[in-house]
Structures are given as C-alpha cells and as structure tokens.
Amino acid sequence: MVNTTAAMVSGGGKGGVLPLASLNHISIVCRSVEESLDFYMNVLGFTPIRRPGSFDFDGAWLFNYGIGIHLLQSEHPESLPAKKEINPKDNHISFQCESMVAVERRLKELGIPYIQRCVEEGG
C-alpha cells in the first residue's frame with residue numbers, strides 16, 4: 001500500500017503543499033437528488049443548507065458531522081453504474097459509529113439493504 005498522505009505532506013513540489021485549512025465539502029453525482037436527500041437527511045441525519053440560486057442545475061447542499069455534502073443531479077442517471085457491492089477502490093464516504101450492532105439494527109428497521117465487510121490487518 002502506498003502512503004499518499006506522507007508523500008503529500010513532504011511537500012513534493014516547489015513551495016510545498018497548499019496552505020489549506022480544512023475540507024469544505026464533497027460532491028456526489030446522484031441518479032435522483034430527491035431520493036438521495038431522503039437518505040442523507042432521514043437516515044444519516046444531514047441538514048439541508050442554502051445553495052446559491054445562481055446554479056442552473058439540480059442539486060442540494062447538506063451539512064452535519066463537520067462535513068458538507070453537495071448532491072448533484074446526473075444529467076444521464078441511466079448511465080450511472082449500479083452499485084452492488086463494497087469496492088474500496090471506488091468513490092465512497094466513510095463514517096465512524098459507536099455501535100455497528102445499533103447501525104445494523106436501524107438499517108434493518110428502515111428496510112435499507114446493506115453489505116457488511118470486515119477489513120483485516122495483514123490480509
């Protein structure tokens with residue numbers, strides 16, 4: 001595994017790394033902004049925030065846990081690949097929780113399908 005963080009922090013170019021303060025947001029292209037809003041708000045607990053009215057495309061901005069998420073409506077939702085399994089090499093968001101048992105129980109209560117995987121050190 002390559003440690004990309006170490007390479008970036010070492011200032012691998014003239015003048016070193018950019019003087020950044022924090023992560024502002026991530027953007028996610030969605031099949032349906034409405035369905036995604038329902039999930040991010042009612043399952044994950046994100047809150048909608050004001051989005052500039054000058055944008056001429058469908059989307060929504062959300063915030064919670066110190067993270068901003070921008071949902072963007074795909075112009076061609078039928079062309080987005082179906083996600084059927086966890087792929088650690090694909091785009092993703094990761095959250096920490098206090099109890100995986102409680103999260104799993106709540107997902108079952110909500111009827112949300114999920115996949116459980118375990119990452120083990122050394123294999």
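In this predicted model, Ser-32 has a relative accessible area of 18% and is therefore classed as buried, since the cut-off for that class is under 20%. Ser-32 is placed in the loop that runs between β1 and α2, and a polar atom of the side chain of Ser-32 lies 3.1 Å from the backbone nitrogen of Glu-35.

The wider fold into which this loop is set comprises three helices and four strands, which follow one another along the sequence in the pattern α-β-α-β-β-β-α. Of the 123 residues in the chain, 15% are buried, and the accessible surface of the chain amounts to about 10,500 Å², with carbon and sulfur atoms accounting for 55% of that area. When contacts between residues at least 6 apart in sequence are considered, 49% of them are found to join residues that are at least 24 apart.

The largest pocket of the model has a volume of about 2,800 Å³. Its lining is formed by 47 residues, and those closest to the centre of the pocket are Phe-39, Tyr-40, Ile-86, His-92 and Ile-93. Two or more residues of the lining are contributed by each of the elements β1 (26–30), α2 (33–42) and α3 (100–110); β1 and α2 are also the elements that flank the loop holding Ser-32. In chemical character, the residues of the lining divide into 27 that are nonpolar, 10 that are polar and 10 that are charged.

Definitions and conventions:
Residues are numbered from 1 along each chain as its sequence is written. This is a predicted model: local features need pLDDT of at least 70, side-chain atom pairs count only at pLDDT 80 or more; totals for chains, interfaces and linings use all residues. Side-chain values use heavy atoms; hydrogens and water are left out. On a 1 Å grid over the protein atoms alone, a cavity is a set of points where a 1.4 Å probe fits but cannot get out, and a pocket is an open set with protein on both sides within 12 Å along at least five of seven lines; lining residues have an atom within 4 Å of a point. Grid points are joined across faces, edges and corners, and a volume is the space filled by probe spheres set on the points. Ala, Val, Leu, Ile, Met, Phe, Trp, Tyr, Cys and Pro count as nonpolar, Asp, Glu, Lys and Arg as charged, and the others, Gly among them, as polar. Buried means under 20% relative accessible area, exposed over 50%, partly exposed in between (1.4 Å probe, protein chains only). Contact means heavy atoms within 4.5 Å. Accessible areas come from the Shrake-Rupley method with a 1.4 Å probe; for residues, only the protein chains shown count as cover. A polar contact is a pair of N or O atoms within 3.5 Å; within protein, one must be able to donate a hydrogen and the other to accept it, and residues adjacent in sequence count only if both atoms are side-chain atoms.
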